[in-house]
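Q: Please take a close look at a single part of this model. Then set that part in its surroundings.

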Amino acid sequence: MTAADDALELPRAPVEGRAPSRLRTVARRFLGSAQGRIGAAVLLLLFLLALAGPSLGKWSYTDKDFTAFLSPPSSEHWFGTLQTGADVYAVTLRGMRKSLVVGLLAALVSTALAAVAGAFAGYFSGWTDRTLTWGADLLLVLPAFLILAVMSPLFGAGQWVLFVVMLALFLWMITSKVVRGMTISLKQREFIQAARYMGVSPVRIIFRHVLPNLSSLLIVDATLNVSAAILTETSLSYFGFGIQPPDVSFGTLIADGSRTAVYAPWTFWFVAGLLVVTVLAVNLVGDALRDAFDPGSSR
């Protein structure tokens, strides 16, 4: 560690002392919100159901019961069966797990990309700012759905990680512009100026001082991006451009169930209901986090 870094560590002590207090305050506000408690409890139950639920059933999502085609819910098949004899309970939980994983990973990647791109653009200005801003503006005007649909042949079985990356590439632009503006403001603050005069590298300043001061924005953005990513994945998979068979997700299950929803509603309504509950719970948590970090945003 350099002498400049040693010197810079001195004013950090009060900040570190305040951090636990701020975290406790945010946690108290979040837990004091009814929508926050409800959203968090529902999300926890959904994750537990997605992870442990399949082991409670008698059937795997790959199993077929050739003695029960489009069978209604029963003690043998709790949610009924599909046209193929697949157990609706098993495939629904498998689809929910996949959609949750896709939503979480896409949200994390997009938020990280927005944080880095926005902070670098706002801090360095000049050609760095122009290049990153131009890239964000270009992605904003491109038809994301069409591009992902054209690239769907690449999202074959086992290639869903590539789908997550491509999905995240179209979710970060708006947040990056907000981060850029806040970084320009932070760059003029005394502690940033002091770090620059002491010779601390710009990259170190961004990751150790700028981004931590934007953590509340990034946490809320990541939470809300989960529901956006889940809905986008569902829409793409519904039209056959997202998760590809033999894997399943909310979108593929809703597409299959919509064909038989009239005379076999259990093939559609269970998965559609879980999708609505999942997105609603994520939005409740996101709104509660926003209010917890910024009490002035409450209505």
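**The second largest pocket and its surroundings**

A: The second largest pocket has a lining of 25 residues, and those nearest its centre are L82, T84, V248, L253 and D256. Helix 11 (215-238) and helix 12 (250-258) are the elements that each give two or more residues to this lining. Helices here are DSSP runs of H or I of at least four residues, strands are runs of E of at least two, and both are numbered from the N terminus. The model is a predicted one, in which local features need pLDDT of at least 70 and side-chain atom pairs count only at pLDDT 80 or more, while totals for chains, interfaces and linings use all residues. Residues are numbered from 1 along each chain as its sequence is written, and side-chain values use heavy atoms, with hydrogens and water left out.

Helix 12 contributes the most to the lining of the second largest pocket, namely five residues. The space in this pocket comes to about 490 Å³. A pocket is an open set of points on a 1 Å grid over the protein atoms alone, with protein on both sides within 12 Å along at least five of seven lines; a cavity is a set where a 1.4 Å probe fits but cannot get out, and lining residues have an atom within 4 Å of a point. Points are joined across faces, edges and corners, and the volume is the space filled by probe spheres set on them. By class, the lining of the second largest pocket holds 11 nonpolar, 10 polar and four charged residues. Ala, Val, Leu, Ile, Met, Phe, Trp, Tyr, Cys and Pro count as nonpolar, Asp, Glu, Lys and Arg as charged, and the others, Gly among them, as polar.

Closed spaces are counted separately. There are four cavities of 30 Å³ or more, and the largest of them has a volume of about 70 Å³. Its lining consists of A117, G118, A121, L132, T133, A136, W172, S176, K177 and R180. At least two of these residues come from each of helix 4, helix 5 (126-141) and helix 8 (173-186). Five residues of this lining are nonpolar, three polar and two charged.

Helix 4 and helix 5 also pack against each other, at an angle of about 145° and with their axes 7 Å apart. Axes are lines fitted to C-alpha atoms, for helices over the stretch in contact, and angles run from 0 to 180 degrees between N-to-C directions. In this contact (heavy atoms within 4.5 Å), helix 4 uses A117, F120, A121 and F124, and helix 5 uses G126, T128, D129 and L132. Five of the contact residues are nonpolar, two polar and one charged.

The loop between helix 4 and helix 5 contains S125, a residue other than glycine with a positive phi near 55°. S125 is partly exposed at 26% relative accessibility; buried means under 20% relative accessible area, exposed over 50%, and partly exposed in between, with a 1.4 Å probe and protein chains only. L70, in the loop between helix 3 (34-56) and helix 4, likewise is not a glycine and has a positive phi of about 50°. Its relative accessible area is 21%, which makes L70 partly exposed.

The surrounding chain has 13 helices and zero strands. Of its 299 residues, 44% count as buried.
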